[in-house]
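Thank you for asking for a note on this structure, written for someone who has not looked at it before. Please have the sequence and the structure open while reading.

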Amino acid sequence: MEEKTLKKNIIFEGKVLSLRVDEVELSNGHICTREVVEQAGGVCIAPINDSNELTLVKQYRYPVSSITLELPAGKLEGENPDPLQQAKRELLEETGIIGKDYFSLGSFYTSQAVSTDKLYLFGCRVEKIVKPMPDEDEILEVYNIPIVKALNMVLSGEIMDAKTQIAILKLHYKMQDTQNNFF
């Protein structure tokens with residue numbers, strides 16, 4: 001089942017992603033091409049306050065021409081980045097939240113058929129809130145939403161962002177599995 005890379009051809013290299021078309025040999029000897037979107041990966045974090053509300057951000061997403069509601073998130077930056085440290089950075093930048101009691105909600109590939117993009121999911125309790133420091137290309141609105149309402153927004157399709165859906169569903173499951181006592 002393994003595929004052997006015969007040739008890599010970089011088509012485009014950008015700030016956020018690169019595109020290459022590889023020539024590969026399948027295990028049955030056939031030669032074919034694979035289009036690969038190379039991305040650094042990213043993080044997503046679900047901060048929970050003392051009222052059991054999640055903090056989400058609204059922002060305009062140009063590729064889908066829509067305003068989306070998402071958990072704080074961002075791309076991995078630097079060589080050998082620590083996903084938890086990157087999640088803490090994004091949380092502070094986008095919401096001003098300094099968290100505590102961080103925990104992993106796992107990771108997933110966003111579209112493994114065409115992309116190297118892997119996202120790491122985390123949760124935390126809100127310890128303190130300071131002034132947010134969003135990147136210059138981000139315009140965000142911060143919202144606190146009860147976890148049950150956020151779950152219903154995922155199930156109804158009101159929250160369309162995949163990383164946010166996965167994190168909320170995993171968080172809800174984790175809370176139910178441990179009878180709301182997982183911190």
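The numbered points below go from the overall picture to individual strands, side chains and contacts.

1. Nature of the model and confidence. This is a predicted model, and its confidence should be looked at before anything else. The protein chain averages a pLDDT of 94, and 97% of the residues score at least 70. Confidence in the protein chain is highest in β4, at 98, and lowest in helix α3 (residues 162–177), where the mean is 93. As a general caution, predicted coordinates should not be read in detail where pLDDT is low.

2. Overall architecture. The secondary structure of the protein chain comes to 3 helices and 10 strands, and from the N terminus on the elements run β-β-β-β-β-β-β-α-β-β-β-α-α. Along its principal axes, the C-alpha trace of the protein chain spans about 60 × 40 × 30 Å. Of the 183 residues in the protein chain, 37% are buried.

3. The three-stranded sheet. An open sheet of 3 strands is found with the order β1-β2-β3, and its pairing is antiparallel. The edge strands are β1 (4–13) and β3 (31–39), each of which pairs on one side only, and the twist averages 25 degrees from one strand to the next. Strand β2 (residues 17–25) pairs with β3 in the antiparallel sense over 9 bridges, and a reader who wants a point of reference in the sheet may use D22, which stands opposite R34 in β3.

4. A nonpolar patch on the surface. Which residues form the nonpolar patch on the surface? The patch is formed by I11, F12, V16, L17 and L19, which together have about 410 Å² of accessible area. Both β1 and β2 contribute, since each supplies at least two residues of the nonpolar patch. F12, one of the residues in the patch, is found in strand β1; F12 counts as partly exposed because its relative accessibility is 45%, which lies between the limits of 20% for buried and 50% for exposed.

5. Strand β4, a covered strand. How many of the 7 residues of strand β4 (residues 42–48) are buried? The count is 7 of 7, so that the strand is described as mostly covered, and the cover extends to both of its faces. On one side G42, C44, A46 and I48 are buried, and on the other side V43, I45 and P47 are buried.

6. The partners of β4. β4 pairs with strand β7 (residues 73–75) in the antiparallel sense over 3 bridges, and V43 stands opposite G74 in β7. With strand β9 (residues 118–129), by contrast, β4 pairs in the parallel sense over 7 bridges, and here P47 stands opposite C124 in β9.

7. Salt bridges. A search of the whole structure finds 10 salt bridges, of which a few deserve a separate look. In the one between E70 and R61, the closest N and O atoms are 2.8 Å apart; E70 is buried because its relative accessible area is 2%, whereas R61, with a relative accessible area of 31%, is partly exposed. The side chains of K163 and D161 also meet in a salt bridge, at 2.9 Å from N to O, and both K163 and D161 are buried.

8. A salt-bridge network. K75, E77, R89, E90 and E93 are linked in a network of salt bridges. Within this group, K75 forms a salt bridge with E77, the closest N and O atoms being 3.8 Å apart, a value that falls within the 4 Å limit for a salt bridge. Are K75 and E77 buried or partly exposed? K75 is partly exposed, with a relative accessible area of 35%, and E77 is likewise partly exposed, with a relative accessible area of 35%.

9. A residue in helix α3. Q165 lies in helix α3 and counts as partly exposed because its relative accessibility is 23%. Q165 and L155 are 10 residues apart in sequence, and their C-alpha atoms are 8.5 Å apart in space.

Key. Residues are numbered from 1 along each chain as its sequence is written. This is a predicted model: local features need pLDDT of at least 70, side-chain atom pairs count only at pLDDT 80 or more; totals for chains, interfaces and linings use all residues. Side-chain values use heavy atoms; hydrogens and water are left out. Two strands pair if DSSP finds at least two bridges between them. Helices (H or I, at least four residues) and strands (E, at least two) are DSSP runs, numbered from the N terminus. Axes are lines fitted to C-alpha atoms, for helices over the stretch in contact, and angles run from 0 to 180 degrees between N-to-C directions. Patches are made of residues with over 30% relative accessible area and no salt bridge: like charges are joined within 9 Å, nonpolar side chains (Val, Leu, Ile, Met, Phe, Trp, Tyr) within 5 Å. Accessible areas come from the Shrake-Rupley method with a 1.4 Å probe; for residues, only the protein chains shown count as cover. Buried means under 20% relative accessible area, exposed over 50%, partly exposed in between (1.4 Å probe, protein chains only). pLDDT is the predictor's confidence in each residue, from 0 to 100.
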